[in-house]
Each structure stands twice: as C-alpha cells, then as structure tokens.
Amino acid sequence: MTSKAYDVVIIGAGIVGSACAAECAREGMSVAIVEGGIIGGGATAAGMGHLVVMDDSEAQFALTRYSQQLWDEISDELPREVEHDVCGTIWIAADDDEMAEALRKQKFYAERGVETEILDAHSLAKTEPNLRPGLVGGLRVPGDSVIYPPCAAQFFVDRALAKDAELFLGKAVESVTADGVRLRDGTFIAAGLVVNSAGSWSPLLTPGLDVKKRKGHLVITDRYPGFLRHQLVELGYLKSAHSVTTDSVAFNIQPRKTGQLLIGSSRQYGIDDAHVDTSILTRMLDRAIEYLPGLRKLSSLRSWTGFRAATPDKLPFIGPHAEQERLYLATGHEGLGITTSVGTAKLLVAQIMNRATPIPVTPYLPTRLAQEPVHA
Ligand SMILES: Cc1cc2nc3c(=O)[nH]c(=O)nc-3n(C[C@H](O)[C@H](O)[C@H](O)COP(=O)(O)OP(=O)(O)OC[C@H]3O[C@@H](n4cnc5c(N)ncnc54)[C@H](O)[C@@H]3O)c2cc1C
C-alpha cells in the first residue's frame with residue numbers, strides 16, 4: 001500500500017486522463033496518475049490531433065465548441081512540441097448534395113456563433129491548388145486547429161505534477177475497489193475517488209461499460225511544406241463516420257507544422273487486431289488520391305493503427321458511474337477525444353466538486369444509457 005491516500009486516482013495518462021489530472025490538481029486535489037504504458041501512448045498517439053467543431057448532434061457541438069474555446073485559451077501556454085497550428089478545416093463538397101450539406105452546416109454554425117466561409121469551386125481551387133478540378137466547393141472553418149497529441153498529454157501531466165500529483169508510470173491497474181485501486185504488482189493506492197479514463201481499455205476495469213473498439217488507420221508522408229494549407233475533409237466523411245456495420249474510409253488529410261501530411265481515415269468495428277490491413281490502407285489512399293492526385297508522387301514514411309473508444313450514441317461518458325459509488329468515468333470519446341479532452345476535464349471536476357457545469361452535462365452522464373433491470 002502507498003503511504004499516502006489521494007483525493008483521486010486517475011487511471012490512464014492518455015490525453016483524457018492527463019487533462020483530468022491537470023484539472024483535478026489545479027482545483028487543489030491530491031492526485032495519483034496511474035499509467036500502464038507511456039504517457040499519451042494509446043489512442044492519443046494514434047490520433048490525428050484535429051481540434052474540430054462538429055455538429056452531428058447538439059450535444060456533440062456543445063462539447064467540441066466549448067473544448068475548442070478552452071484550447072484557444074491555453075494556446076499561448078502550449079510548448080512548441082505540441083505544434084499547435086490554427087490551420088482551419090475545409091469541408092469539401094464533391095457534388096451538389098454535398099454542397100447543400102455545406103450550406104446546412106454553415107447555417108448551423110452561424111446560428112451558434114462559429115465563423116465559417118462558403119467557398120465556390122473557383123475559390124476552393126485557389127485556396128488549395130492541389131485539389132483535383134471539378135469539385136463543387138466547400139465550407140471553411142478557420143478556427144479549427146491541429147496539435148501533436150502525445151506532447152499535449154505530457155503537458156497536462158507536467159501541469160498536474162507541478163501541483164500535488166504523483167505519477168505511477170509503467171504500473172497497470174488490476175482492479176478498482178471501493179476505496180482505491182489495486183495495481184498488477186500488488187500495490188494498493190488508497191483514494192477517495194477513482195476516475196476510469198483508460199480509453200478503449202476502460203471496460204476491462206469497469207465490466208458492463210458499453211465502450212467498443214473502433215479501429216482506424218493513418219499514414220504519414222515525408223515533408224512537403226506548402227502542399228496543403230488546411231485540414232481537408234470530404235463531406236461524405238459524415239456518412240462513413242456514422243456507419244457502425246461496415247468498414248469505411250473517407251478523405252481526411254492534415255498538414256503538419258513539419259511539412260508532413262497526415263492521411264486518414266478509416267473506421268472498422270469488431271476488430272481487436274492492431275495490424276495494418278493493406279486492403280483498407282489501399283482504399284484509404286486511393287480515396288485521398290481521388291481528391292489530391294499529386295499525392296501519388298509523394299513518399300509515405302509510416303502507417304499505423306489505433307482504436308477509438310466508441311459508445312452506442314457516439315458521446316463520451318463523463319461523470320459518476322451508475323452503481324459504483326466513488327467511481328467516475330471519463331471515457332468513450334471515439335474520434336473526438338483529442339478535441340474534447342479539455343472540456344471533459346472541466347465537466348468531470350465540476351461534478352466532483354458539486355458545482356454547476358459550464359455546459360449542460362446530461363447528454364454525457366454515464367447513467368443516460370443505464371439498462372432497465374431484466375426481470376425473469
Ligand atoms: C485513427 C484515429 C484518428 C483520430 N483522430 C482524431 C482527431 O483528429 N481529433 C480528435 O479529437 N480525436 C481523434 N481521435 C480520437 C482520439 O485519439 C481519442 O479519442 C483519444 O486519444 C482518447 O484518449 P484517451 O485518453 O481516452 O485514451 P488513450 O489515449 O487510449 O489512453 C488510455 C490510456 O490508459 C492506459 N491504460 C489502459 N489500461 C490501463 C490500466 N489497467 N492501468 C493503467 N493504465 C491503463 C493506456 O496505456 C493509455 O495510455 C482519433 C483516433 C484514432 C484511432
């Protein structure tokens with residue numbers, strides 16, 4: 001047993017756990033951060049790092065928008081290695097239906113105070129000259145940005161450690177108990193509260209939690225400064241991101257501050273195996289080349305996979321567990337956890353401290369999906 005009892009144990013130092021640890025420590029709690037691997041090494045290392053406002057639902061919009069504002073507030077404090085770059089997003093419309101979707105999206109954002117700009121075919125080609133001819137237009141969202149997520153996780157851990165926090169690195173949690181966590185090496189860490197922020201591993205520690213793995217592939221190229229200016233995403237991405245039954249790919253590409261291009265993205269359910277699947281990779285790259293024919297001539301350096309932690313309604317679980325007193329959840333962030341980590345931390349801490357939450361928390365409460373007991 002550790003000599004000290006903590007106010008809170010955070011399980012997992014991905015971007016979500018790290019942001020929660022920093023926020024708990026900032027509020028004066030004593031914090032133990034337990035990470036079985038390395039800081040920011042899970043989905044956080046695999047993700048694209050696109051800080052993006054999304055509008056699949058009002059709740060998704062509220063959390064992404066609030067989080068983006070929090071990222072903007074701390075942008076001057078982020079170290080250089082976080083590579084924060086306010087490059088903006090262009091949602092690409094390939095046909096009239098997708099242009100109608102761009103206009104709908106613009107209206108939705110305008111009504112909620114998000115700056116956007118509609119691009120016609122000519123201005124799209126002028127803004128991103130490497131796109132193929134014949135696209136109909138797009139929607140530019142200038143406030144979206146990009147970071148390098150593992151370094152952001154490290155930044156949050158450092159912030160926590162500068163307060164009253166301790167890091168248990170390379171120490172996996174075996175089980176959660178009523179008054180703390182037991183590590184695989186037998187150590188017991190006593191704590192008033194436990195936060196399960198173990199991403200796609202969270203159901204292993206909290207059985208019954210409806211979080212499933214959703215595999216994704218990414219490719220990074222060599223350095224080609226100036227090839228792109230914005231993160232580009234096809235509007236068809238929304239259709240593919242919603243499919244929960246079939247494998248899907250969509251055009252999604254990001255310019256890195258290094259001049260590299262990060263190419264996504266794919267989504268697959270029901271696969272545990274982390275190997276790179278060349279058939280999916282080929283589909284993904286073919287899709288990217290359809291939009292940016294010049295990509296064909298560029299060199300890729302590496303491809304990899306990662307697992308998004310998906311909930312049935314595509315919103316994260318943030319708040320107290322339905323039954324286990326003193327257990328809080330901060331998990332299930334699917335493809336938006338880099339963006340929403342900072343908003344999650346604020347919502348979690350407000351609930352722990354019994355304060356009003358900065359945005360309505362009901363859509364993210366773990367109890368929203370609690371099953372009715374089944375009677376024989
Ligand atoms: C291909 C891909 C692209 C993505 N692109 C974006 C994007 O552009 N923008 C965006 O916002 N999001 C994106 N995401 C989603 C984002 O990466 C995740 O939502 C986010 O990283 C989740 O962070 P996390 O801290 O919850 O989980 P993780 O980063 O997986 O962290 C969980 C941590 O818990 C640790 N852990 C697990 N079990 C234990 C245990 N028993 N004891 C101790 N530690 C444990 C793990 O080692 C790990 O470090 C993408 C994801 C993928 C896969």
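A residue is counted as near the ligand if one of its heavy atoms lies within 4 Å of it. In this predicted model, 36 residues surround the ligand, and those that come nearest are Glu-35, Thr-44, Val-173, Glu-334 and Thr-339. By residue class, the shell around the ligand divides into 16 nonpolar, 16 polar and four charged residues.

Backbone atoms of the protein lie beside polar atoms of the ligand at several positions. For Val-173, a backbone N or O atom is 2.8 Å from a nitrogen atom of the ligand. For Met-48, a backbone N or O atom is 3.0 Å from a nitrogen atom of the ligand. At Leu-336, the ligand atom concerned is an oxygen, which lies 3.2 Å from a backbone N or O atom of that residue. The ligand taken alone exposes 1,000 Å², of which the protein buries 94%. Several helices and strands give two or more residues each to the shell: helix 1 (15–26), strand 2 (31–35), helix 2 (43–46), strand 16 (300–310) and helix 10 (337–352).

The model was also examined for salt bridges, and the count comes to 22. One of them joins Glu-23 to Arg-26, with the closest N and O atoms 3.1 Å apart. Both Glu-23 and Arg-26 belong to helix 1, where a spacing of three residues, about one turn of the helix, separates them. Glu-23 counts as buried because its relative accessibility is 9%, under the 20% cut-off. Arg-26, in contrast, has a relative accessible area of 48% and is therefore partly exposed, since this class covers values between 20% and 50%. Glu-23 and Arg-26 also belong to a network of salt bridges that links them with Glu-27, Lys-346 and Arg-355.

A further salt bridge is found in helix 9 (residues 278–291), which holds both Arg-287 and Glu-290, three residues or about one turn of the helix apart. The side chains of Arg-287 and Glu-290 meet with an N to O distance of 3.1 Å. Arg-287 is partly exposed, at a relative accessible area of 23%, and Glu-290 is likewise partly exposed, at 43%.

Lys-212 and Asp-210 form another salt bridge, in which the closest N and O atoms are 3.1 Å apart. With a relative accessibility of 48%, Lys-212 counts as partly exposed. Asp-210 falls into the partly exposed class as well, with a relative accessibility of 32%.

Methods
Residues are numbered from 1 along each chain as its sequence is written. This is a predicted model: local features need pLDDT of at least 70, side-chain atom pairs count only at pLDDT 80 or more; totals for chains, interfaces and linings use all residues. Side-chain values use heavy atoms; hydrogens and water are left out. A polar contact is a pair of N or O atoms within 3.5 Å; within protein, one must be able to donate a hydrogen and the other to accept it, and residues adjacent in sequence count only if both atoms are side-chain atoms. Accessible areas come from the Shrake-Rupley method with a 1.4 Å probe; for residues, only the protein chains shown count as cover. Helices (H or I, at least four residues) and strands (E, at least two) are DSSP runs, numbered from the N terminus. Ala, Val, Leu, Ile, Met, Phe, Trp, Tyr, Cys and Pro count as nonpolar, Asp, Glu, Lys and Arg as charged, and the others, Gly among them, as polar. A salt bridge is a side-chain nitrogen of Lys or Arg within 4 Å of a carboxyl oxygen of Asp or Glu. Buried means under 20% relative accessible area, exposed over 50%, partly exposed in between (1.4 Å probe, protein chains only).
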